[in-house]
Each structure stands twice: as C-alpha cells, then as structure tokens.
Amino acid sequence: MFKEGKFLWKILESRLKRTPFKLNFAVTYRCNSRCQTCNIWKFYKDENRDSRELSLDEISRIFRHLPSTICWLCLVGGEPFLRDDLLEIIQTALDTIPSLVVVSMDSNGLLKERTLDLLEKIRNQKKAIFYINFSLDGPEELHDRIRGIPGAFNKTWSTYLAARELLSDNKLFRVGLEATVSTLNLTAIPAFIRELSSQKHHIYLTFAHSGYLYGSEGNDQFVPIGSEKQIEQIVRAKKSRLSLQQPQNLIFDIYLKNVAGYYREPSRRLLPCAALKSSLAVNPQGLVTPCFLWNYPLGSLHDAEYDINKIWMSEKAEEARKKIAANECPNCWCPCEAFQSIISSRIPFNSWRTK
C-alpha cells in the first residue's frame, strides 16, 4: 500500500503545482503485427523514419528534465519490444525519474525470447509497479485474422503464460491480457471474456478509436459506433468477473460503465479531459502532443533542449488547453487518456483555471 499512497500523493501534488503526473511515451512506431484496426505498422514502410527515433541518450535527457510530479510512465508502440534498447530505456526511467511509481506497457507478445529476457533482468527492481498486458483480440482464428499474422495467437499466449510464470512471485508485476474491441470481434468477445476469466486470467478491454497514434484519423470503419447494445453485453460479461478489491479495478469499473454512453454519443464528453492537465504525450521522434489521439503538435523536444517543461508552459499548450475545455479536440474514451481523467475527476481540489 505504500506505493499506492505515494501515487495518490503525487497526483495531489500535480494538482497543486499544475504539472502532469503521467507521461505517455511512444518509444517506436515499428510493429511486427499487421492489425486491421491500426496503421502504425505502415508508418516506416516507405521511408527510413525509424532512424530519426529518439536515441537512448536523448530519452535519458528527457527523463532527467521531467516535472517532479511524474509518477506514471506509459510505454507504448508500435511494439515496444522491437526497440533493442528498451531495457536501457526502462532502467534509465527507474534511475532518473525520482517519483516513478507506475510503469505500464502493452505488447503483442510476438517476441517471446526478447520479452522474457528483459523481464528477467528487471524482475528484482523495487521502485515501481509494472503493468504488462499482452494483446488478444479473440479466439485463435479471429485474433490471427485481426492481427494479420498467422500463428499470432499461439505466440502471444505462450509469451503471456511464460511471463506470468516468471513474475508470479513478485507483487510489483501485474501481468494480464488486453483485448481491443472493434466491429471485427464484437460478437465473439463476451464468450472469450467468460472463458478466460473462468480460468483465472485477467483481461482488460480497450475499444477501437480512430486517431493520430493509430494513423487512422477520420476512419471509423472499425470503431463500434452505434453498437451500444453489443458493447453493453461485453461490459456485463467483464463486470460480472471484475474484482473491485484492487484500486486499479475501481478505475477500470468506471471506465466500463461509461463505454456504451461514449459510443452512443461520441461527441458528448463523459468527464473533463485530463490531457495537458494530468498528462501529455511524446511520439518516437520527440514531438509533444496533448494526447495520442489528437494530432495537435505543441513542439519538438529537440528544439526545447529535451526539457518538456518548456513545452508544457508554452503559449501553444495553453491554446490547446482552451480548445480541450471548449470540447474542440477529437474527444475519446481511450484508456491512455480516460484513466487519468477518471482519477482526476475523483480528486476534489483543482487549481486549473484556463485563462
């Protein structure tokens, strides 16, 4: 409970100081999946943009300049484990972010040996709680079709089981599964959840969005808008097996309660957005945006001498805050942004006043 208490304190401190408590950081756009619901894997297809990704030294400089209230680091891709220096990135975060309490990562689980090797090397760290979720979008045939990789399900399942076994005696590591719900798997997910839950597997849900991170802005083909009845069935299947004894599940419960409402009326904001109040996002080339769904560049960390505070306090960031307050951003209910909005909505003190 000590770490949970420190996490709460840092959130309160971030409200007082008007600085973020969470950094969403895409370490690479490289991806070895070919998902139908995401175009990240196409980003580096035609040009050598991956050579312009932030180096380990640059990432280290970013971490050293972070606000003292940053206690949650979310590492995403692409596929994070495709970075040869992911271990060094994580170790640098542990060494240089003084208030770090939570590190969260999602993976497609296709790189078993590399994944287990990294987890073996960090399993004895004592500083942060690690949440590591492996993606499974349904039963074997369906998952492989959505992910575009033959045999993907079995590879991911094998990596997940091995990681869970490796970290089973360490309470600081929480290994689970995550399914992305889309129009491609709406009808299959409830039974899939029930089967996995009956076998004592923890599965989280996220729902397909069109947006900047996924290279699918304006493409709602795989977003389940208008499917609130099916979504309600999925939510009931998950909530019936959700233990509320763990703090993170309380947040997830609120997230699930609001999913159907979002897809019933996507333009209606469910909670005040926490982007640029509690969090911000950095892409692999060092471009800072309010979040991963809104392509609204605030500045480059190269130009800011790797000091994110300069961008956080810039006129451009203040303009973005005004647009968010006026509901002029894309609006979403994606966990990368919704979770800190839920947390922030439960903290009574709010020092933010948009000029």
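# A tour from a buried arginine to an enclosed cavity

Begin by selecting arginine 83, which counts as buried at 6% relative accessibility. Keep in mind throughout that the structure on screen is a predicted model.

**Stop 1: the salt bridge of arginine 83**

With arginine 83 still selected, add glutamate 53 and show both side chains, which meet in a salt bridge with an N to O distance of 3.9 Å. Glutamate 53 is buried as well, with a relative accessible area of 9%. The two partners come from distant parts of the chain, 30 residues apart: glutamate 53 sits in the loop between strand 1 (22–26) and helix 2 (56–64), while arginine 83 sits in the loop between strand 2 (72–76) and helix 3 (86–96).

Now widen the selection to take in Arg30 and Asp85, since salt bridges with shared partners join Arg30, Glu53, Arg83 and Asp85 into one network. In the structure as a whole there are 17 salt bridges.

**Stop 2: aspartate 84 and arginine 114**

Move along to aspartate 84, whose side chain forms a salt bridge with arginine 114, the closest N and O atoms lying 3.2 Å apart. Arginine 114 belongs to helix 4 (residues 112–122) and aspartate 84 to the loop between strand 2 and helix 3, so this pair ties together parts of the chain that are 30 residues apart in sequence. Is aspartate 84 buried or exposed? Its relative accessible area is 64%, and aspartate 84 is therefore exposed, whereas arginine 114 is partly exposed at 37%.

**Stop 3: elsewhere in the loop between strand 2 and helix 3**

Step back to glycine 78, also found in the loop between strand 2 and helix 3, and display the backbone from glycine 77 to glycine 78, where the peptide bond is cis with omega near 15°. Then select proline 80, which has its place in the loop between strand 2 and helix 3 and counts as buried at 0% relative accessibility. If you draw a distance from proline 80 to valine 223, which is 143 residues away along the chain, the C-alpha atoms are separated by 24 Å.

**Stop 4: helix 6, seen down its axis**

Select residues 152–166, which make up helix 6; its 15 residues reach 21 Å from the first C-alpha to the last, close to the 21 Å expected at 1.5 Å a residue. Colour Ala152, Phe153, Thr156, Thr159, Tyr160, Ala163 and Leu166, which are buried. Where do these buried residues fall when helix 6 is seen down its axis? They fall within an arc of 170°, so they line one face of the helix. As background to that view, an α-helix has 3.6 residues a turn, so residues three or four places apart point the same way.

**Stop 5: asparagine 185**

Next, centre on asparagine 185 in the loop between strand 5 (173–181) and helix 7 (189–198), a residue that counts as buried at 0% relative accessibility. Add isoleucine 146 to the view: the two residues are 39 apart in sequence, and their C-alpha atoms are 8.5 Å apart in space.

**Stop 6: glutamate 265 and leucine 276**

Go on to glutamate 265 and arginine 268, which form a salt bridge with the closest N and O atoms 3.5 Å apart. Glutamate 265 counts as partly exposed at 39% relative accessibility, and arginine 268 counts as partly exposed at 38%. From there select leucine 276, in the loop between helix 9 (247–264) and strand 7 (279–282). Leucine 276 is buried, with a relative accessible area of 0%, and its phi is near 65°, a positive value in a residue other than glycine.

**Stop 7: asparagine 331 and the cavity**

Select asparagine 331 in the loop between helix 11 (315–325) and helix 12. Asparagine 331 has a positive phi of about 65° although it is not a glycine, and it is buried, with a relative accessible area of 11%.

The tour ends inside the protein, where the count comes to 1 cavity of 30 Å³ or more. The largest cavity holds about 180 Å³ of space. Which residues are closest to its centre? Of the 20 residues in the lining, these are Arg269, Cys273, Asn331, Cys332 and Glu337. Highlight helix 12 (residues 335–345) as well, for it gives the most to the lining of the largest cavity, with 3 residues. Coloured by type, the lining divides into 15 nonpolar, 2 polar and 3 charged residues.

Key. Residues numbered from 1 in each chain as written. Predicted model: local features only at pLDDT ≥ 70, side-chain atom pairs only at ≥ 80, totals over all residues. Heavy atoms only, no water. 1 Å grid on protein atoms, 1.4 Å probe; cavity = no way out; pocket = protein on both sides within 12 Å on 5 of 7 lines; lining within 4 Å. Points joined across faces, edges and corners; volume = space filled by probe spheres on them. Helix = DSSP H or I, 4+ residues; strand = E, 2+ residues; numbered from the N terminus. Nonpolar A, V, L, I, M, F, W, Y, C, P; charged D, E, K, R; others polar. Salt bridge = Lys/Arg side-chain N within 4 Å of Asp/Glu carboxyl O. Buried < 20%, exposed > 50% of the residue type's maximum accessible area, 1.4 Å probe, protein only. Expected span 1.5 Å × (residues − 1). Arc of directions from axis to C-beta.
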